[in-house]
Amino acid sequence: MQVVAVVVTFNRLPLLERLLDRLLEVREVAEVLVVDNASTDSTGEWLRGRYPHGGPDRVRTRTLDSNTGGAGGFATGLTWAMERDADLVWLMDDDAVPEPDCLALLLERPDLDFWGPAVVAEQDASRLCFPIRLPGGTRVVHRMAEVEAAARDGLIPGVVIPFNGVLVTRELVERIGVPRAEFFIWGDDVEYLWRAERAGARIATVVEAIFTNPATDDLGTPMMFGRTTYNHTPSDLKHYCMARNNTVNLRDYRGWPFVVMFWVKTVWFYLFTRRRPGRIAISARAAWAGLSGDFTGHRKYLA
């Protein structure tokens, strides 16, 4: 079975070196495809120096002409992996590190289509990097102990953190395509997950498999007196993309009542929880752009 790892990198050379060293230790990986997403640091130069002909036996590199965000990077990488005859594609960006046995543990579950590891915070391995909503209810958990307690046969069915060490089968990609590159960042992963769900994919988190990732944003910040949470980020770029893409995702996959609920939460959060009224205006512009089919507005926030 041809397992191809796709890595998307952005201006994080030390992290990329660390990740490649780890991936080259994983014997189950047949090939590593590195998508350099128009890095402006020394990443591109380093890749060209270390892999002057695109890469040795197990590493190949491709540099994009412009920064297409995570969505564009993964769309490029997944398309490339299909061209390389991958049976399974292992997706990740450059700031994460899988545990040495992560892939082996994932491969022990061959009856799935789209599945991945538990993603823990690099700063504290007992904490999830991204909070998850357990299936069958509204409970959101933040700790590995809670995930382990909720698992059945070592799995959390129907839940996965896309593009963080996830495996996707060739058959599923052939059915549903690749991520929406125009989303740029934030929401492209959710859209791909929901698209897979709609196609009837078998999805799960393998709790025993561990993937570490830096926890940087205030994901899952409690609001409305603890009744719900909101994915806040200090970055206006990330917030614009989240507000735009989440509006589109909810409209397309969940329905207008969920869109309205998201808008209400956004207004509440930035009026009362983290008072930043300017964020409400950004959110409104982003939501209107998404509903109008305009996926260019994020460019004004690029440095």
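Is V260 buried, partly exposed or exposed? In this predicted model, V260 has a relative accessibility of 42% and therefore counts as partly exposed, since that value lies between the 20% below which a residue is buried and the 50% above which a residue is exposed. The residue is located in helix α9, which spans residues 256-273, and V260 contributes, together with W256, W263 and V264, to a nonpolar surface patch of about 370 Å². In an α-helix, which has 3.6 residues a turn, residues three or four places apart point the same way.

In contrast to this surface patch, strand β1, comprising residues 3-9, is largely enclosed by the rest of the structure, because seven of its seven residues are buried. The burial extends to both faces of β1, with V3, A5, V7 and T9 covered on one side and V4, V6 and V8 covered on the other. Strand β1 has two parallel partners among the pairings described here, β4 and β2. With β4, which covers residues 88-93, the pairing is parallel and extends over six bridges, and within this pairing A5 is placed opposite W90. With β2, which covers residues 31-36, β1 is likewise joined in parallel by six bridges, and here V7 is placed opposite V34. The connection from β1 to β2 passes through helix α1 (residues 13-23), forming a β-α-β crossover that is right-handed.

The search for salt bridges across the whole structure returned 20 of them. One of these is formed by R12 and D93, whose closest N and O atoms are 4.0 Å apart. Because R12 belongs to the loop between β1 and α1 whereas D93 belongs to strand β4, this pair ties together parts of the chain that are 81 residues apart in sequence. The two partners differ in their accessibility class, as R12, at 26% relative accessibility, counts as partly exposed, while D93, at 18%, counts as buried. The interaction is also part of a network of salt bridges in which R12, D93 and D94 are linked. Side chains of opposite charge can pair when their charged atoms come close.

Two further salt bridges were examined individually. E146 pairs with R139, with a separation of 3.6 Å between the closest N and O atoms; of these residues, E146 is partly exposed at 25% relative accessibility, and R139 is partly exposed at 46%. The side chains of R251 and D252 also meet in a salt bridge, with an N to O distance of 2.8 Å. Here too the partners are partly exposed, D252 having a relative accessibility of 30% and R251 one of 28%.

Helix α7, formed by residues 188-198, contributes a set of buried residues consisting of D188, E191, Y192, L193, W194, R195 and A196. These buried residues pack against several other elements, namely the helices α3, α6 (170-176) and α8 (236-253) and the strands β6 (114-121) and β11. After α7 the chain continues to G200, which has a positive phi near 85°.

Two of the elements against which α7 packs, α3 and β11, were considered further through single residues. In helix α3, which spans residues 69-83, G72 is buried, with a relative accessible area of 3%. When neighbours within four places in sequence are left aside, the contacts of G72 are with A181 and F184. The C-alpha atoms of G72 and L91 are 13 Å apart in space, and the two residues are separated by 19 residues in sequence.

In strand β11, which runs from residue 203 to residue 213, the residue considered is T212. At 16% relative accessibility, T212 falls under the 20% cut-off and therefore counts as buried. Again leaving aside neighbours within four places in sequence, T212 is in contact with D95, A96, V97 and E99, and also with V120 and E122.

Technical notes
Residues are numbered from 1 along each chain as its sequence is written. This is a predicted model: local features need pLDDT of at least 70, side-chain atom pairs count only at pLDDT 80 or more; totals for chains, interfaces and linings use all residues. Side-chain values use heavy atoms; hydrogens and water are left out. Helices (H or I, at least four residues) and strands (E, at least two) are DSSP runs, numbered from the N terminus. Buried means under 20% relative accessible area, exposed over 50%, partly exposed in between (1.4 Å probe, protein chains only). Contact means heavy atoms within 4.5 Å. Two strands pair if DSSP finds at least two bridges between them. A crossover is right-handed if, with the strands pointing away from the viewer, the path from the first strand over the helix to the second runs clockwise. Patches are made of residues with over 30% relative accessible area and no salt bridge: like charges are joined within 9 Å, nonpolar side chains (Val, Leu, Ile, Met, Phe, Trp, Tyr) within 5 Å. Accessible areas come from the Shrake-Rupley method with a 1.4 Å probe; for residues, only the protein chains shown count as cover.
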